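Open the model in your viewer and colour the chain by domain. The stops below go from the whole chain to one side chain.

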Amino acid sequence: MRYYPVFIDLAGQRAVVLGGGRIATEKVASLLEAGAKVTVIASMLSEAIERLVADGSVDAIRRDYLPGDLAGARLVIDASDDVAINRQSWEEAETSGILINVVDRPAQCRFIAPAIVRRDPLLIAISTSGESPFLASSMRARLERWIGREWGPFTTLVGRIRRELRERGVPLAEQTRIYRELTRSDVRDLLRADRAVEAGVRAAAIASSDLNHRGRVALVGAGPGDAALITVKARELLADADYVLHDALISPDTLALCGPDVRLERVGKRGGQEGALQDDITARLIELARAGHFVVRLKGGDPFVFGRGGEELAQLALAGIDVIAVPGVSAAFAAPESVGVPVTMRGLASSVAITTAQGGGSPARLEALARAADTLVVLMAREGLGEVTAALARAVGATRPAVLVSQATLPDQRSVSGPLSDIAWLADREGIPAPATLIVGDVVAASPFLAAVHDQLGEVAL
Ligand SMILES: C[S@@+](CC[C@H](N)C(=O)[O-])C[C@H]1O[C@@H](n2cnc3c(N)ncnc32)[C@H](O)[C@@H]1O
């Protein structure tokens, strides 16, 4: 069944409710909220309906429904729970072209009532086309958490600005740009903090000045791969961006969080494949921001952990571009966590060092780090893994527990674990691909998951 969704204006319209029990009472309340003139027809009325009748909010006919009762009604809800009444009311409504909903009888419903998230004047209706009221209400609970109270006053504010822009004859394209700017501004934050006056001033400034022509850049961490691990703030920025310049490794599910009109540009390197050079990327960010765009530079993990985010931030700031950085979950933490390895643990490890196997310095530096920290996390570990593990084994011993985790948090996640000296050949034997992160330290042996992983993969158990 496919429904045509509408919101019906019932203000001052006759609506009839059949039945006087709990469900009828709820229906009466929501019809009154919509401004309908409600008549209840039932031999027994709930106390709540009796009160509404007593104060004149509702008319009552104190007997069961009779054919002809629906005359003049726009809409009928039959909550009588009486099969004979259901059949007759359905027939009368159908003959007269009146919209009817017979509660719990989908075949006798000309309309169905959605679950509602109310942020007046914003109204979100949810329907599963009658498949599962439970799912509809669980979806409502999700949206209730996601769409904060501030969306109500924000909608009112945007509506007021819209009327002003139309009166001033502002061209539609310019109006749209202003609405986008309002949506991604801090106006909602101000409303959420009950600073309505400041929110109004800020919104008016956006609608009238050319302050909104200034572009800006957000350096955003996408997390290690699983799209669910991105921050709420990053999600909102992706939804609002004009351009997203992203690393090659960002997962399609994460990119799917971008707004429908966003322009995606893939930049950066993947394996040995050279992409745009760093200077070109920064130049492109500056160019787009200067043209007035809001640009998200989306990087794997955290932008400031071997992500060149620090350089981009400095160069953008130097160029006078408005720039912010939004943290992400780094693979340095997600990779060990995804195989149950705590990088610190009471009595076992109280320090952790994060480094890279590529371009970060000599084997001597790696060895020194491995000696200095209880847990060592090595990023970009797949290429040259043999040399890296050999250097580390010299420093902390060939039997130090280690795990190499590839594609952490993604469906293709894989790992090999064992004594440090075995990791490189195990990785080759199992064909573990990049990107991969190596974790070395006693904490690896503390993982409750790795034994099971070894059994599954037929690996060397710790
Ligand atoms: C250029 S560094 C970027 C690190 C990133 N900024 C971060 O905070 O995760 C890329 C390295 O991160 C690690 N990495 C990224 N995603 C990973 C994943 N899903 N699983 C394991 N390691 C990952 C690998 O070591 C990879 O070679």
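This tour of a predicted model visits the domains, the ligand and one arginine.

**Stop 1: the domains.** Colour five ranges of the protein chain separately: domain 1 (14–113), domain 2 (114–147), domain 3 (151–206), domain 4 (216–326) and domain 5 (332–457). Then select domain 1 and domain 5 together; their C-alpha centres are 68 Å apart.

**Stop 2: the ligand.** Centre the view on the ligand and show the 26 residues around it. Which of them come nearest? They are Gly301, Ser330, Ala331, Ala408 and Pro435. Domain 4 (216–326) and domain 5 (332–457) each contribute at least three residues to the shell around the ligand.

Next, switch to the cartoon and pick out α13 (331–338), β15 (401–406) and β17 (436–440), each of which gives the shell at least two residues. The largest share is that of α13, with 3 residues. Now colour the shell by residue class: 15 residues are nonpolar, 9 polar and 2 charged.

**Stop 3: Arg202.** Leave the ligand and select Arg202, which sits in helix α8 (residues 196–208). Is Arg202 buried or exposed? Arg202 counts as buried because it has 20 C-beta neighbours inside 10 Å, and 20 or more is the cut-off for that class. Show its contacts as sticks: leaving aside residues up to four places away in sequence, Arg202 touches Ser185, Asp186, Val187 and Leu190.

Finally, draw a distance from Arg202 to Ala115, 87 residues away along the chain; the two C-alpha atoms are 34 Å apart.

Note on methods
Residues are numbered from 1 along each chain as its sequence is written. This is a predicted model: local features need pLDDT of at least 70, side-chain atom pairs count only at pLDDT 80 or more; totals for chains, interfaces and linings use all residues. A residue is near a molecule or strand if its C-beta atom, placed from the backbone, lies within 6 Å of it. Helices (H or I, at least four residues) and strands (E, at least two) are DSSP runs, numbered from the N terminus. Ala, Val, Leu, Ile, Met, Phe, Trp, Tyr, Cys and Pro count as nonpolar, Asp, Glu, Lys and Arg as charged, and the others, Gly among them, as polar. Domain bounds come from an automatic or database domain assignment. A residue is buried if 20 or more other C-beta atoms lie within 10 Å of its own, exposed if 12 or fewer, and partly exposed in between; C-beta atoms are placed from the backbone. Two residues are in contact if their C-beta atoms, placed from the backbone, lie within 7 Å.
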